[in-house]
Amino acid sequence: MVLHITPYSSACLHFLDGLSWSLVFPCYWFLDRLLASCVATSLEKRQRSQDPCSFLTLCVLISAPLYLLLLLASLPFALLGFIIWAPLQAIRQPYLYTYCRPDKHQAEQGQAGAGIGEWRPQGRSFCFCSANVCLLPDSLARFNNLSDTHRRAREVGKRIRNGASRPQIKIYIDSPTNTSISAASFSSLATGFRRTSSLDQRPDQTHTTNGPADTETEPATECPIHPSGATDCPVHPSVNDQGSAECPVHPDGADTTAECPLHQGETKSSSDCPIHTSGEAPDYCPLHTSGVQISISAPEPDPQEEEAETGNHRPGEHGGADTGSMTASRESLARYHGSDGGIGISSNNTLSHVPRTSIFKRPGRKRRHGDETFDHDISAFFPANLDFLALQEVFDHGSTTRLRRQLHRYFPYILSDVGRYGWKGCCSRFKFLNSGLMLASRYPILDARYECYPNGRGEDALAAKGALFAKVHVGTSHQEQRVVGYVTCTHLHAIEGDASVRCEQLDRLLQWGAEFRQSSSIPLEGEKVLEDLVAFDVILGDLNFDNCSSEDKLEQQHALFTQYKDPCRLGPGEDKPWALGTLLDPSGLYDEDVSSPESLQKLMENEEGRKEYLVFPPSKSQCPASSQKGRKIPLKGNGRRIDYILYSDEGLQQDWKLEIEEFSFVTQLAGLTDHLSVAMRLAVSTGEEEP
């Protein structure tokens, strides 16, 4: 179970690979720029139509012939480099495993990853996310109406990191009709909060793979009333005044039971609560540690990164989408509903008064239909405390490096550069692109394997599409047994009408998964270890078929859905009413209505908006290649849902159970890709009680 930390087994091979690529790269870059100058995005077409004599048009007319001449001049060097590069790919490792130990600042911000401490009897919750980010070479990305792949890669990483590093907050709502806890990852929270996650989402911090083990404790929660370092906080009385019976918020003797938003009725107080200094605290107290732990601090940007970006790109110059991660969703940070009472968060990161019954709640977000046992929503942010991230279409090498650098500021363990180039084994056709898969984890990765689908056709055969399997260590039982989980990331054949190809790939996916679980469970020779306890088995990825199209009936009835459960599915050909399509209409990516996470979120909550901007199953009266926008014919379902998160409860320990806590469709990558992301929080319970 050795993870590959370098592409080649020797430094000499690594040098030859770098030398060959340095000879090939100029030709590759000139070809990419030449094709990109010939394929314009809808935004560029709009700009040219508004000003036919614009500077952009002039640049295209001059640059295209220049790129062609330079391409021809670089061809001899590229041919020489290719002769060296192609044979090396047969012995190249199928993936690159990287581990980045969090620095002190990341640990203080709560972005240090998850530990593998002792497995608690009541179990844990794990959050999974899948996203197709369309990081193709720039010329190919333009066929999906996207451009500037390197900038998008950096921005994708920032948004994922900022969304996932939000706090895991549980807020008790004081309402006669709602006594539940506010959702764990609602989208009205700022991305700059310091994470104060709940115990079931924040395992003990322990590093064991690439360095000495050490334990990080959760930073103390700051007072949400005053900034750090204040000495005159009305909530924290001095040491000599601790026995005072007066309300620290109303020192002049006001009727606290009638006016103070932090008291209600004739309740008793608790010595543990900073507001209620004696007795028992009411359940709704928003400052009581059992109800809310909020600490506000904005993560500091990387100075080198900010300087590099400032020199190359300016905010807003790449179209309708705001590309600044720290500001792209800033309008939602201070958003609240109501007029008075309660506590909320204002735009200056301080607590302000809002209705007690609407603390951090926004109408129409978290929903639960009928007998549904979990919450589901459309969120403008990635879930807080995201544990596992599966990405597809990370094809471009430079984009992979930029994206990995951003994600390592939150995820310590990453598998990237997955797949094969050239000719190798079952991948009989020459592969110009790798698999495009990437897997990021907050938990240590014990073992990994990549398999290539051998039956690709057409243009899909030019990429080494396949499946990436990983075994992760999520805890240790009282009996010193490892508690592990299995995560699979995959991307299936994309060409429409090739249902038999996808079904064959699904067959292989199940077969390879079973073989990987079996092989990774066999201890090394001479090693005596207890059998692993399996907590979960999850498949994430872009399967390139939906559960509503009549053309996809063969895939909808595949055995995959008998072994794995789809939270959005009622049965073959029928999704749950709240399930949302994940494929956006590329022609509308630069419209103002979908240019930001918040605007896209609002649009997806509206039926007319979904009909306008989502891709729907093709109908007989509609040409599949024509645009979706503005058509009046009836549309089936809520769009094509081709991005999946599936889980299996087979193979778990006796009495262990899996329950979904929430399922989200995420719009935070608005303007950066033509897919919506999907996320799921899965609770693993052991059936035991806390001692």
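## Exercises on a predicted model

Helix α6 passes helix α9 in a right-handed crossing (right-handed: the near helix is turned clockwise from the far one by less than a right angle; left-handed: anticlockwise). The model is predicted, so local features need pLDDT of at least 70 and side-chain atom pairs count only at pLDDT 80 or more, while totals for chains, interfaces and linings use all residues. Residues are numbered from 1 along each chain as its sequence is written, and side-chain values use heavy atoms, with hydrogens and water left out.

**Exercise 1.** Describe how the axes of α6 and α9 are placed, and list the residues that meet.

*Solution.*
1. Locate the helices: α6 covers residues 149–164 and α9 covers residues 397–407 (helices are DSSP runs of H or I, at least four residues; strands are runs of E, at least two; both are numbered from the N terminus).
2. Take the axes, which come within 8 Å and cross at roughly 20° (axes are lines fitted to C-alpha atoms, for helices over the stretch in contact; angles run from 0 to 180 degrees between N-to-C directions).
3. Classify the angle: α6 and α9 are therefore roughly parallel to each other (under 35 degrees; over 145 is roughly antiparallel, 65 to 115 roughly perpendicular, the rest oblique).
4. List the contacts (heavy atoms within 4.5 Å). On the α6 side are Thr149, His150, Ala153, Arg154, Val156, Gly157, Lys158, Ile160 and Arg161; on the α9 side are Gly398, Ser399, Arg402, Leu403, Gln406 and Leu407.
5. Sort these residues: five are nonpolar, six polar and four charged (nonpolar: Ala, Val, Leu, Ile, Met, Phe, Trp, Tyr, Cys and Pro; charged: Asp, Glu, Lys and Arg; polar: the others, Gly among them).

**Exercise 2.** Where do Asn385 and Asp417 lie, and is each buried or exposed?

*Solution.*
1. Asn385 sits in the loop between β9 (375–379) and β10 (388–394). Its phi is positive, about 55°, although Asn385 is not a glycine.
2. Asn385 has a relative accessible area of 0% and is buried (buried: under 20% relative accessible area; exposed: over 50%; partly exposed: in between; 1.4 Å probe, protein chains only).
3. Asp417 belongs to the loop between β11 (413–416) and β12 (422–424). Asp417, also not a glycine, has a positive phi near 50°.
4. With a relative accessible area of 10%, Asp417 is buried.

**Exercise 3.** Which residues does Trp656 touch, and which does Gly81 touch, not counting residues up to four places away in sequence?

*Solution.*
1. Trp656 is in the loop between β21 (643–648) and β22 (657–666) and is buried, at a relative accessible area of 12%.
2. Trp656 touches Trp119, Val483, Leu533, Val534, Ala535, Val684, Ser685 and Thr686. The C-alpha atoms of Trp656 and Ala535 are 8.0 Å apart, across 121 residues of chain.
3. Gly81 is part of helix α3 (residues 55–88) and is buried, at 0% relative accessibility.
4. Gly81 touches Ser20, Leu23 and Val24. Val24 is 57 residues from Gly81 along the chain, with a C-alpha separation of 5.4 Å.

**Exercise 4.** What average pLDDT does the chain have, and which of its stretches stay under 50?

*Solution.*
1. The chain averages a pLDDT of 75, and 62% of the residues score at least 70 (pLDDT is the predictor's confidence in each residue, from 0 to 100).
2. One stretch under 50 is residues 286–300, with 51 contacts beyond four places in sequence. Another is residues 630–634, with seven such contacts.
3. Where pLDDT is low, the predicted coordinates should not be read in detail.
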